[in-house]
Amino acid sequence: MDVLSECVIHKIVSYLSFQEAAKLSLVSKTWLQAWLAHPNLEFTLLSSKHGYNIHDRKIVDQVMERYRQTKVPIEKFHLSVTIFAHPFAFPQMDKWLDIALQNGVKDLSCEVSLPSYPFPIFTFLAPKSLRELVLSGCNLMDHSLSITTTQVVSCHSLRKLSLTEVGLDDNMLRDLLNCCPLIDDLIIEHCRLLTKIELRNLQNIKSVSISCCRNQSVTIQTPTLQHLSYFGCFRDESPVLDIVQCRNLKSLQLTDMRISEGFLQRLISTSQFLESLTLDNVSTRLERFKICGSQSLKFFAISNCKGLREINAPNLVSLEYDGDQIPELKIAKRSRQLKKSEIYLDSLKILNAEWFGELRKFLSKSSSWSLVSLSFEECSEINMKDLVLHHKVATPKVNDLVVCIESSDKYPTLLVDALLWSCHPKRLILKSSIEMIYCFMDRLMYMKNSRHSTCHESKRRKYSQLKVYKFDSEHQCVELENGELAMRDLTETETVSFELYW
């Protein structure tokens, strides 16, 4: 006998996936009835060596036929068909989609590896009940040729439209957007037949994500837009993104594109509510651009963008930088008090005295850093006396200094000295060979116990206590007592954390 009431069981089942609910149908008749009335259907048909899986097809057919006869309401319907080049699947797919439509489907997802599958787009928009439509690998062109001015469809219920590798041209996209004027979430990814993507007069649009193919231009004139993600094609020589009016923009992500001089600054100046900015592989012809004058900008992430020269955002609270070289970046005084500041320097070749001097100089531009991550191959010989004499900026403070050394280093002692001269970390997390870990620990212990500063600084700048931790199989820190590290059976490569108390 079921302890739970029938309505509670139905409620629980509605939150489970169709497959999860199927397993619970074996518990009792009540759970079985709840599964038979499950509002969310998910089907995935995979290709095999012998083509279309007939057994899976029959199961889907039986389930959909039962829903057709019982007229159980369908909230969400997801169909994924990963078979190739056989149009004999089309009639059955049409049948399943039609049953979902007749049962009032609100959220529909159709993902196929049949690029020629003609999805009946206007048939699904006509009932005015669809809230979300996600299409991948479908073809809409056949339906665009058949529609006439007397068959204009209007779907004011649709809120999300996602098109990935869908066959449609500029006219079809325009007709589709005109049919759905109240969408608030639009995704267009790698639709190769498009040449001009124009988003205008969308009264309710809030979020747009566009992944372009080569030589596709994008024009956006949507005052209500709040979130924009644009993934360009870096092979395009000239800018292909034109943002005419987006005064309510809150977050902006630009990836793989070249921008014209002043493009970003004009956009920032007209977006008075912009809080989050992400730039990934973005450059200009002159390789220079600035982030200045934004009072609202709080979160800024930059990756592989060599042209950024200045940040002046007084209310900035988070800065993330990822690249293969120390940036030539000016941070205004009002932008230095950051709650989160992270810099990742990857694929570094050879580190020398000049490099560590530049690192210290850059890190000093902020009052403190949450994380500094360095990944490199080897370190050359360093003249510490010469390094100290030519760089007088205060030693920056860092919460976590992560060092990943890919090969055995020739000068481990000098490397430790240079690292602690370039910044004062609370934690130094080292991922390297066992031999390198031993060298680091020995050098750190010597520096702590030495009466004289090995980094050529005053005694008061030395750390007074050192703790060593090893990460176990569950990635939890386990403190190691003095000498215990050498006795443990470590693997070839380890990650060890050193806590330094200055």
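I'm taking helices (H or I, at least four residues) and strands (E, at least two) as DSSP runs, numbered from the N terminus. On that basis I get 14 helices and 26 strands for the chain. Note to self: this is a predicted model.

**Overall**

I looked up burial next. The chain has 502 residues, and 48% of them count as buried. Then I checked how far apart in sequence the contacts reach. Taking contacts between residues at least 6 apart in sequence, I find that 58% join residues at least 24 apart.

**Core**

Which residues touch the most other members of the largest nonpolar core? I get four phenylalanines: Phe-77, Phe-119, Phe-300 and Phe-498. The core itself holds 143 residues. Helix H5, residues 90-102, gives the most to this core, with seven residues.

I picked Phe-498 for a look at its neighbours. Leaving out residues up to four places away in sequence, I see it touching Lys-426, Arg-427, Leu-428 and Leu-430. Phe-498 also touches Ile-437, Phe-440, Met-441 and Leu-444. Leu-466, Lys-467 and Val-468 complete my list for Phe-498.

**Just past H5**

Gly-104 sits in the loop between H5 and strand E4 (107-112). I have Gly-104 down as partly exposed, because its relative accessibility is 25% and buried means under 20%. I also checked Gly-104 against Pro-73: they are 31 residues apart in sequence, with 6.1 Å from C-alpha to C-alpha.

**Pocket**

I went to the largest pocket and read off about 270 Å³ of space. Which elements give two or more residues to its lining? They are helix H8 (170-179) and strand E8 (196-200). H8 gives the most, with five residues.

I wrote down the lining by name: Asp-170, Leu-173, Arg-174, Leu-177, Asn-178, Pro-181, Lys-196, Glu-198, Arg-200, Asn-201 and Leu-202. Sorted by type, the lining comes out as four nonpolar, two polar and five charged residues.

**Two threonines**

I looked at Thr-222 because Leu-202 turned up among its contacts and Leu-202 also lines the largest pocket. Thr-222 lies in the loop between strand E10 (217-221) and strand E11 (227-231). Is Thr-222 buried or exposed? I call Thr-222 buried, since its relative accessibility is 1%. Besides Leu-202, Thr-222 touches Leu-199, Ile-205, Gln-245 and Cys-246, not counting residues up to four places away in sequence.

Thr-164 is in strand E6, residues 160-164. At 17% relative accessibility, Thr-164 counts as buried, as the cut-off is under 20%. With residues up to four places away in sequence left out, I find Thr-164 touching Leu-135, Ser-136, Gly-137 and Glu-189.

**Cysteines**

How many disulfides does a search of the whole structure find? I get zero. Cys-191 is in no disulfide, and the nearest cysteine sulfur, that of Cys-213, is 7.4 Å away. A disulfide needs the two sulfur atoms within 2.5 Å, so a pair at 7.4 Å does not count.

I compared burial for two of the cysteines. Cys-191 counts as buried at 1% relative accessibility, whereas Cys-404 counts as partly exposed at 24%.

Notes
Residues numbered from 1 in each chain as written. Predicted model: local features only at pLDDT ≥ 70, side-chain atom pairs only at ≥ 80, totals over all residues. Heavy atoms only, no water. 1 Å grid on protein atoms, 1.4 Å probe; cavity = no way out; pocket = protein on both sides within 12 Å on 5 of 7 lines; lining within 4 Å. Points joined across faces, edges and corners; volume = space filled by probe spheres on them. Nonpolar A, V, L, I, M, F, W, Y, C, P; charged D, E, K, R; others polar. Core = buried A, V, L, I, M, F, W, Y, C linked by side-chain atoms within 4.5 Å. Buried < 20%, exposed > 50% of the residue type's maximum accessible area, 1.4 Å probe, protein only. Contact = heavy atoms within 4.5 Å.
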